[in-house]
Amino acid sequence: MRFKGLFSERSAWAQLLLLLLFVLTGAFLASFIGLGLFFLIYGFNADMYQHIDMLRFIQFISAIGTFILPTIGIAWLCSEKPKQYLYFEKPPRLLSLLLAFACLFLIMPTINLAEILNRQMILPDFLAPVETWMKEKEESATRLTELFLSENNLLSLLANLLVIAATAAIGEEMFFRGALQRIIGKWSKNPHLIIWSVAILFSAFHLQFYGFLPRMLLGAFFGYLVYWSKNIWLPIFAHFMNNALAVITLSNTELKENHYMTGDLSQQEIIPYTIVAILFLGLFVMVVKKLRQRLDREEKETKNLSFEE
């Protein structure tokens, strides 16, 4: 039986359910393998938080099992051209990557302000149990991140860049901007609705609700990158650089204490930082226009080459 493209004509619901099945199966198998190896090596009574390298390994295989392998599977079953389905067909151009990074850099002050605003969130009293759960999730994620970044040496930094920056960027962009954006696109032809819907799901998936707004904005930016370029490498690169900058900043004592780098601003710093954010946002709009012009030019060049062949 031929499996390639088997689900290409199925409804969006069928493809979404298949993707969720793959994700749940992959996440379960990754957890089973990771935890199984941990208990086999250290025993059932061992404290997992005392073995950082093993935690990184579990995080690594979790990303592969939860995002990368399920996405490859859905692309294979839902398209005759899996690479094209996931926007891997075109190699990235250096100038486009640099412009995408410039856009990311220019929008970061706005993202940081959104995070400061998000932190002010207070739920009504009747939702107190929900707020408690949200804070527990936030503290758990913060603790894990701090644990990964607690070792101040080059090998640990490289391992964190691999797990937190590279693997997460590749897996999450393949899943959210590749497969999920394709599937939701079967319901609507409105690109903005598709991009923002996926951005909301992307942020919600992380279960870090006091960072929901900035992560949603980043997700939308990544979504527009793949929509404009039809090239998954641009959002992967931007996502990687965002995560890598965070890893490097939080791994360095001096940078970690710089409020302008971390976005942990005092009341006196908010107004000047907001002015900078507005100026950077104006430059962001200008660079985005430049990026889109560049991507349109690349698209025309690709079509001309195909025509000549």
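**Exercise 1. A serine and its contacts**

Leaving aside its neighbours within four places in sequence, which residues is S203 in contact with? Also place S203 in the fold and decide whether it is buried or exposed.

*Solution.* A quick note before we start: this is a predicted model.

Step 1: find the residue. S203 sits in helix α7, which covers residues 191–205.

Step 2: check the accessibility. S203 has 1% relative accessibility, and the cut-off for buried is under 20%, so S203 counts as buried.

Step 3: list the contacts. With neighbours within four places in sequence set aside, S203 touches G211, F212, R215 and M216.

**Exercise 2. The chain as a whole**

Work out what the protein chain is built from, and test its radius of gyration against that of a compact globule.

*Solution.* Step 1: count the elements. The protein chain has 12 helices and 0 strands, so reading along the sequence just gives α-α-α-α-α-α-α-α-α-α-α-α.

Step 2: do the size check. For 309 residues, a compact globule would come out near 19 Å, and the protein chain has a radius of gyration of 21 Å, which agrees.

Step 3: look at the box. Along the principal axes, the C-alpha atoms fill roughly 55 × 55 × 45 Å.

Step 4: look inside and out. Of the 309 residues, 42% count as buried. The exposed area of the protein chain is about 17,500 Å², with carbon and sulfur atoms supplying 67% of it.

Step 5: check the contact range. Take contacts with a separation of 6 or more: 75% of them come from residues 24 or more positions apart.

**Exercise 3. A nonpolar patch**

Identify the residues of the nonpolar surface patch and say which element gives the largest share.

*Solution.* Step 1: name the members. The patch is made by F28, L29, F32, I33, L37, L40, I41, Y42 and F57, and its area is about 930 Å².

Step 2: assign them. Helix α1 (residues 12–42) provides the largest share, 8 residues.

Step 3: inspect one member. Y42 lies in helix α1. Its relative accessibility is 37%, so Y42 counts as partly exposed.

**Exercise 4. Ring pairs, outside and inside**

Classify the F28 and F32 pair and the F175 and F176 pair, then say whether the rings' residues are buried or exposed.

*Solution.* Step 1: get the total. The structure holds 15 aromatic pairs.

Step 2: take F28 and F32. Their ring centres are 6.3 Å apart and their planes meet at 25°; stacked means under 30 degrees, so this pair is stacked. Both residues lie in helix α1, 4 residues apart, about one turn of the helix. F28 is exposed, with a relative accessible area of 55%, and F32 also counts as exposed, at 58% relative accessibility.

Step 3: take F175 and F176. Here the centres are 4.8 Å apart and the planes are at 85°; the cut-off is over 60, so the pair is edge-to-face. Both F175 and F176 are buried.

Step 4: follow the links. Ring pairs join F67, F175, F176, F202 and F205 into a cluster.

**Exercise 5. A glutamine and a distant partner in sequence**

How far apart are the C-alpha atoms of Q50 and L147, and is Q50 buried or exposed?

*Solution.* Step 1: read the separation. Q50 and L147 are 97 residues apart along the chain, while their C-alpha atoms are separated by 9.2 Å.

Step 2: check the accessibility. Q50 has 59% relative accessibility, so Q50 counts as exposed.

Note on methods: Residues numbered from 1 in each chain as written. Predicted model: local features only at pLDDT ≥ 70, side-chain atom pairs only at ≥ 80, totals over all residues. Heavy atoms only, no water. Patch = residues over 30% accessible without salt bridge, like charges linked within 9 Å, V, L, I, M, F, W, Y side chains within 5 Å. Areas by Shrake-Rupley, 256 points an atom, 1.4 Å probe, with all protein chains shown as cover. Salt bridge = Lys/Arg side-chain N within 4 Å of Asp/Glu carboxyl O. Helix = DSSP H or I, 4+ residues; strand = E, 2+ residues; numbered from the N terminus. Buried < 20%, exposed > 50% of the residue type's maximum accessible area, 1.4 Å probe, protein only. Contact = heavy atoms within 4.5 Å. Rg over C-alpha atoms; globule rule 2.2 N^0.38 Å. Phe/Tyr/Trp six-rings, centres within 6.5 Å; stacked < 30°, edge-to-face > 60°.
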